[in-house]
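Below are my notes on the model, set out as numbered points. Please read them with the coordinates open.

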Amino acid sequence: LARHLQKEAQSQHNNSEFTEDQKKTIAKIATCLELRSAALQSTQSQDEFKLEDLKKLEPILKNILTYNKEFPFDVQPVPLRKILAPGEEEHLEFEEDDEEGGAGAGSPDFFPARVPGTLLPRLPSEPGMTLLTINIEKIGLKDAGQCIDPYITVSVKDLNGIDLTPVQDTPVALRKEDTYVHFNVDIEIQKHIEKLTKGAAIFFEFKHYKPKKRFTSTKCFAFMEMDEIKPGAIVIELYKKPTDFKRKKLQLLTKKPLYLHLHQTLHKE
C-alpha cells in the first residue's frame, strides 16, 4: 500500500485526480506505513510507530478529497526515491545495467531511507502437510560491490505467472564482498507444498537502487521448480531481466558461473 500511495503522490499533475496538497498528505501516509512496517519487523521492544498511531490515518485516507486539517504526525514525504508497485519496474527499462559503469556515486548518506523488508511468519503446521523455509545465503554477481540497497523479491507463481502466495521482500542485504551479495535471511513459503499447483515455481528477483534514475530496478532473477524442493543446499542459475514468470524465453545473465545460493528446510507434522 505504501508503494501504491507513493506512486500516486509522485504522479504528474495531469495524470492525477489529486491536488498537490492532497498528494503531500498521501505521501506522508505512505511514510507512516513504512514506519509501521519497520516497527513491526524491529527486534527492539519499543514500537516506534504504534497501531494506535496507524488507526489515526484511516479517517484521513477515507476523506482524502476533503481533508484540510494539519497532519497528525511530523513526518516528511520521501521525495527522492521512486517506489514502484510490484512488477512495474520492468516497463521502465530497456538498456543494460552494464552500460552505467559504477552506480555508487556519492556518499551512502545521500540515499534516502531504505525500503524495509516484508517477510512473513511461518504458517501453522497441519498434519501430513509440509512447509518450506528457504534461507537465501548469497548471490554471485560480477559487480556485487556496486549494487546499492540490494534486496530480493520472492514470489510463488503458477504456469501463467499468477501469484499463489503473497509476495515477500527481503530486508536490504547484510554485506557485499568480492563477487557476492550476502543475505542470510529465511523466507517462509506461505503455502503447504502439497497445496501448490502442478508446474508452480518459486521466483527470486534481485533488485537494487539506481541513483541516476531514482528508482529500484530488477537486475536479474532466478527460479526453483517443484522437483528442486528437497532439504539441503542448492545453487540456481541467474537469468536476464525482465522476469519471465511463464518461463518461456529464458536467457542466462552471463556465461560466467554466477548463481543464487539457497538452503532449504522442510517441516512436516
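1. Helix α1 spans residues 2–9, and its buried residues are Ala-2, Arg-3, Leu-5, Gln-6 and Ala-9. Viewed along the axis of α1, these buried residues fall within an arc of 165°, so they line one face of the helix. The model is a predicted one, and this applies to every point that follows.

2. Taken as a whole, the protein has four helices and 10 strands. Their order along the sequence is α-α-α-α-β-β-β-β-β-β-β-β-β-β; that is, the four helices come before the strands. Of the 269 residues in the protein, 46% are buried. The accessible surface is about 15,000 Å², and carbon and sulfur atoms contribute 52% of that surface. Among contacts with a separation of 6 or more, 71% are between residues 24 or more positions apart.

3. One open sheet contains five strands in the order β4-β5-β1-β10-β8, and their pairing is antiparallel. The edge positions belong to β4 (175–177) and β8 (232–237); each has a single partner strand, so one side of each has no neighbour in the sheet. From one strand to the next, the twist averages 25°.

4. Within that sheet, β1 (residues 130–140) and β10 (residues 259–268) are paired in the antiparallel sense over nine bridges. Two positions can be used to check the register: Asn-135 has His-263 of β10 as its bridge partner, and Ile-134 stands opposite Gln-264 in β10. On pairing with β5 (residues 180–188), β1 is again antiparallel, here over seven bridges. In that pairing Thr-133 stands opposite Glu-188 of β5. How covered is β1? Nine of its 11 residues are buried, and the strand is mostly covered.

5. A second description is needed for the open sheet with strand order β3-β2-β6-β7-β9, which also has five strands and antiparallel pairing. Here β3 (168–169) and β9 (239–240) stand at the edges with a single partner strand each, so one side of each is left without a neighbour in the sheet. The pairing of β7 (residues 215–225) with β9 is antiparallel and runs over two bridges. Cys-220 has Lys-240 of β9 as its bridge partner.

6. Asp-143 deserves a look. Its place is in the loop between β1 and β2 (148–157). Is Asp-143 buried or exposed? Its relative accessibility is 19%, and the cut-off for a buried residue is under 20%, so Asp-143 counts as buried. The side chain of Asp-143 makes a polar contact of 3.2 Å with the side chain of Lys-219.

7. Pro-124 lies in the loop between α4 (58–62) and β1. With a relative accessible area of 62%, Pro-124 is exposed. Which residues does Pro-124 contact, leaving aside its neighbours within four places in sequence? They are Leu-131 and His-192. The C-alpha atom of Pro-124 is separated by 10.0 Å from that of Gln-190, a residue 66 positions away along the chain.

8. Two residues other than glycine with positive phi should be checked by eye. For Asp-149, phi is near 45°; this residue lies in strand β2 and, at 11% relative accessibility, counts as buried. For Arg-247, phi is near 60°. Arg-247 is placed in the loop between β9 and β10, and its relative accessible area of 14% makes it buried.

9. The peptide bond between Lys-241 and Pro-242 is cis, with omega about -5°. Pro-242 is found in the loop between β9 and β10, and Arg-247 has its place in that loop as well.

Note on methods:
Residues are numbered from 1 along each chain as its sequence is written. This is a predicted model: local features need pLDDT of at least 70, side-chain atom pairs count only at pLDDT 80 or more; totals for chains, interfaces and linings use all residues. Side-chain values use heavy atoms; hydrogens and water are left out. Two strands pair if DSSP finds at least two bridges between them. Buried means under 20% relative accessible area, exposed over 50%, partly exposed in between (1.4 Å probe, protein chains only). The arc is that of the directions from the helix axis to the C-beta atoms. Axes are lines fitted to C-alpha atoms, for helices over the stretch in contact, and angles run from 0 to 180 degrees between N-to-C directions. Contact means heavy atoms within 4.5 Å. Accessible areas come from the Shrake-Rupley method with a 1.4 Å probe; for residues, only the protein chains shown count as cover. A polar contact is a pair of N or O atoms within 3.5 Å; within protein, one must be able to donate a hydrogen and the other to accept it, and residues adjacent in sequence count only if both atoms are side-chain atoms.
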